Amino acid sequence: MPTFLVREFVDILLPYLTTMVNASLQQGRLPISQKHAVVIPLLKKPGLDASDLASFRPVSNLTFMSKVVERAVAEQLNSCLTDNKLLPSCQSAYRRHHSTETALLHVWSDVLTAADSRRVTLLSLIELSAAFDCVDHDILLERLRISFGLDDIVLRWI
């Protein structure tokens, strides 16, 4: 169903959408129909050679419902981790009122504090733009289970 129709008739469709989201969360899975995406190639940066396939990155356009369910999962998981103070205090990613700017300000503050105390400051930087592509998902799921106490249904959904 096109997104504009859902938005136009959200009052009528909301009970059905809610039922679909809740069913997905209770079963720990998305329906097969929501696992399809249209993948389009986009240039990684303007000015890259368009004839070189390495210049492109795949972008997946997911179904509206899969995005709705994903948003619900993200909100619930983030609330759970935040409410139970399970996130590291310095973590900026995927948190409200935290960003790359707040992370940089924290590092800059640490550097200035060290300089004021006449301490030597070393800064090592690592480029992590594609770090998530390297994550071993089995290890991630195990860490989520052990460190954060997520149960099998949540892990199955993830």
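How far apart are the end C-alpha atoms of helix α4, and what span should its 17 residues give at 1.5 Å a residue? Let me start there. This is a predicted model, so every value I quote is computed from it.

Helix α4 runs over residues 100-116. The expected span for those 17 residues is 24 Å. The end C-alpha atoms are 24 Å apart, so the two values agree.

Now the two ends of that helix. At the start of α4, look at S99. One of its side-chain oxygens comes within 3.1 Å of the backbone nitrogen of E101. Just past the other end is R118, with a positive phi of about 60 degrees.

Stay with phi for a moment. Most residues other than glycine have a negative phi. R118 is not glycine, and its phi is positive. Where does R118 sit? It is in the loop between α4 and α5, the latter being residues 137-148. The relative accessibility of R118 is 80%, and exposed means over 50%, so R118 counts as exposed.

There is another residue of this kind, K85. Its phi is near 50 degrees, again positive in a residue other than glycine. K85 belongs to the loop between α3 and α4. Buried or exposed? Exposed: the relative accessible area of K85 is 73%.

Next, the inside. The largest nonpolar core has 10 residues. They are V6, L13, L17, V21, L30, M65, V69, A72, V73 and W157. Two elements, α2 (10-27) and α3, give two or more residues each to this core. Which one gives the largest share? That is α3, with four residues.

On to the second largest pocket. About 210 Å³ of space lies in it. The lining is L25, A72, V73, Q76, L77, C80, L150, I153, V154, W157 and I158. Two helices, α3 (64-83) and α6 (152-157), each supply at least two of these lining residues. The biggest contribution is from α3, with five residues. What about chemistry? By class, the lining has 10 nonpolar residues, one polar residue and no charged ones.

Put the core and the pocket side by side. A72, V73 and W157 are listed in the largest nonpolar core, and A72, V73 and W157 also line the second largest pocket. Helix α3 gives the largest share of the core, and α3 gives the most to the pocket lining.

Back to α2, for one polar residue. S24 is in helix α2. Its relative accessibility is 3%, and the cut-off for buried is under 20%, so S24 counts as buried. What does its side chain reach? A polar atom of the S24 side chain lies 2.8 Å from the backbone oxygen of R29.

Last stop, the start of the chain. M1 lies in the segment before α1, which covers residues 3-8. M1 is exposed, at 66% relative accessible area. Now pair M1 with F64. They are 63 residues apart along the chain, and their C-alpha atoms are separated by 8.0 Å.

To recap. The span of α4 agrees with expectation. K85 has a positive phi, and so does R118. The pocket lining has no charged residues. S24 is buried, with a side-chain polar atom 2.8 Å from the backbone oxygen of R29.

Note on methods: Residues numbered from 1 in each chain as written. Predicted model: local features only at pLDDT ≥ 70, side-chain atom pairs only at ≥ 80, totals over all residues. Heavy atoms only, no water. 1 Å grid on protein atoms, 1.4 Å probe; cavity = no way out; pocket = protein on both sides within 12 Å on 5 of 7 lines; lining within 4 Å. Points joined across faces, edges and corners; volume = space filled by probe spheres on them. Nonpolar A, V, L, I, M, F, W, Y, C, P; charged D, E, K, R; others polar. Expected span 1.5 Å × (residues − 1). Polar contact = N/O pair within 3.5 Å; in protein donor to acceptor, adjacent residues only side chain to side chain. Core = buried A, V, L, I, M, F, W, Y, C linked by side-chain atoms within 4.5 Å. Buried < 20%, exposed > 50% of the residue type's maximum accessible area, 1.4 Å probe, protein only.
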